[in-house]
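Colleague: Could you walk me through the spot where the ligand sits, piece by piece? I'd like to know what surrounds it and what it touches.

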Amino acid sequence: MRRIALVNQKGGCGKTTVAINLASCLAEKGKKVLLIDLDPQGHSALGLGFKPDQSEKSIYEVLLGEILIEEAIQNVRDNLDILYSDVVLSAFEQVMAGIEEREFKLAQCIKPVQNNYNYMIIDSPPSVGLLTFNGLMASSEIIIPVDPSSFSLNGLDKLLETIKIIEEKVKHRLSIKIIPNNIDLRTKFCRKMVEKLKEDFPMYCFNNFVNSCTALREAASLGKPIIDYDRQCNAFRDFQNLTREIIRTAGATVEETSENVSFFETEDLPYSSSKGVVFSLEAPADATVEIAGDFNNWIPESLSRKKLRGKSVWHKAISLKPGAYEYKYVINGNWISDPTNDNMVDDHQGGKNSLIQI
Ligand SMILES: Nc1ncnc2c1ncn2[C@@H]1O[C@H](COP(=O)(O)OP(=O)(O)OP(=O)(O)O)[C@@H](O)[C@H]1O
Ligand SMILES: [Mg+2]
């Protein structure tokens with residue numbers, strides 16, 4: 001089971017929005033998902049339209065050891081279960097004061113069900129207190145949503161510092177990823193922020209970001225994930241891309257790698273690196289592999305070959321400014337769309353171009 005916590009001490013940056021939409025998209029793709037709400041505000045259940053009645057038990061009783069985790073898990077849709085939270089969870093920090101190993105309560109609680117799920121997604125409160133620590137200790141991956149504000153960028157450095165301290169003190173390795181959220185590329189501020197994140201944290205940034213999208217707000221207020229509300233909007237496409245990007249790193253959890261997840265190792269969609277956007281494709285060692293697209297006036301450029309886990313992978317880093325780009329690979333003279341990228345548009349010649357959004 002992959003255990004992913006949405007964390008950021010800054011309020012309103014999109015932790016819950018990413019948690020419920022990522023969990024729903026994963027579930028729709030056939031993955032078994034457990035969504036755990038560690039925020040006493042209880043927004044995850046609200047955002048999914050789940051209204052617990054009084055007889056139902058929350059994460060609070062589970063963390064206190066009053067009931068078994070199985071007794072509190074509720075099903076919200078196909079493949080998606082939730083451990084909801086409510087305001088009583090605010091008492092957790094006080095109730096646990098002085099109790100040994102209180103940071104590891106969630107990690108212990110989830111053990112009996114970890115084989116029942118492919119993904120556990122944890123929504124955290126906007127603070128780095130005991131509840132968030134429990135989320136971090138139960139996870140091996142962190143996603144940090146960052147919204148466009150100077151407070152967010154400032155808080156990000158502090159959060160990364162805190163995570164490093166935890167890693168060193170408790171020897172608990174965490175793979176970190178940043179997802180810019182609520183992005184409107186028409187504004188200079190957003191464009192600069194996305195560029196700065198990619199520049200300052202190239203290892204951490206997802207290939208994707210989530211656009212600012214009114215439909216997301218409307219969907220949340222109606223208690224629906226975006227997949228049930230509007231499948232034409234930007235946010236629907238963004239969450240599909242993000243979900244694919246996360247699924248494609250399957251298996252590369254920190255337990256199995258000595259470094260943070262490298263997207264190249266997963267032979268993924270084009271991904272960002274310090275040298276630019278890296279396009280990579282598996283193809284025979286004796287092939288001629290080139291790439292052509294909007295970024296090079298459709299004049300094919302050669303890719304380099306690298307052996308990766310016994311496979312022959314071709315790659316090229318191209319420096320690209322934020323925007324949308326169409327491209328194709330040219331293998332032994334044959335023009336093909338990128339088989340790892342489902343995002344395609346008509347090439348007006350009876351075929352399809354692959355599309356990448358930077
Ligand atoms: N990409 C987006 N486009 C438009 N609205 C968004 C987007 N992401 C989040 N929102 C809206 O911003 C508000 C805050 O989002 P959300 O509740 O997910 O943040 P949060 O980090 O979980 O907040 P908290 O720290 O209070 O838990 C919500 O009203 C949500 O619908
Ligand atoms: Mg929230």
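**Around ligand 1**

Modeller: Sure. Ligand 1 sits in the largest pocket, and keep in mind that this is a predicted model. The elements giving two or more residues to the shell around ligand 1 are α1 (15-28), β7 (175-183), β8 (210-211) and α10 (214-221). Of these, α1 brings the largest share, with 3 residues. In total, 19 residues surround ligand 1, and the closest are Lys15, Thr16, Thr17, Asn181 and Cys213. By type, that shell splits into 10 polar, 5 nonpolar and 4 charged residues.

Now for the polar contacts. Two of them come from the backbone: an N or O atom of the Asn211 main chain is 2.9 Å from a nitrogen atom of ligand 1, and a backbone N or O atom of Cys213 also lies 2.9 Å from a nitrogen atom of the ligand. Asn182 uses its side chain instead, with an N or O atom there 3.2 Å from a ligand nitrogen. As for cover, ligand 1 on its own would expose 630 Å², and the protein buries 84% of that.

Then there's the pocket itself. The largest pocket has a volume of about 530 Å³. Its lining counts 26 residues, and those nearest the centre are Gly12, Cys13, Gly14, Thr16 and Thr17. Two or more lining residues come from each of α1, α2 (43-47), β7 and α10. Sorted by type, the lining has 14 polar, 7 nonpolar and 5 charged residues. Thr16 and Thr17 turn up on both lists: they are among the closest residues to ligand 1 and among those nearest the pocket centre.

Technical notes:
Residues are numbered from 1 along each chain as its sequence is written. Chains are lettered from A and ligands numbered from 1 in the order in which they are written. This is a predicted model: local features need pLDDT of at least 70, side-chain atom pairs count only at pLDDT 80 or more; totals for chains, interfaces and linings use all residues. Side-chain values use heavy atoms; hydrogens and water are left out. A residue is near a molecule or strand if one of its heavy atoms lies within 4 Å of it. A polar contact is a pair of N or O atoms within 3.5 Å; within protein, one must be able to donate a hydrogen and the other to accept it, and residues adjacent in sequence count only if both atoms are side-chain atoms. Accessible areas come from the Shrake-Rupley method with a 1.4 Å probe; for residues, only the protein chains shown count as cover. On a 1 Å grid over the protein atoms alone, a cavity is a set of points where a 1.4 Å probe fits but cannot get out, and a pocket is an open set with protein on both sides within 12 Å along at least five of seven lines; lining residues have an atom within 4 Å of a point. A molecule sits in a cavity or pocket if more than half of its atoms lie within 2 Å of its grid points. Helices (H or I, at least four residues) and strands (E, at least two) are DSSP runs, numbered from the N terminus. Ala, Val, Leu, Ile, Met, Phe, Trp, Tyr, Cys and Pro count as nonpolar, Asp, Glu, Lys and Arg as charged, and the others, Gly among them, as polar. Grid points are joined across faces, edges and corners, and a volume is the space filled by probe spheres set on the points.
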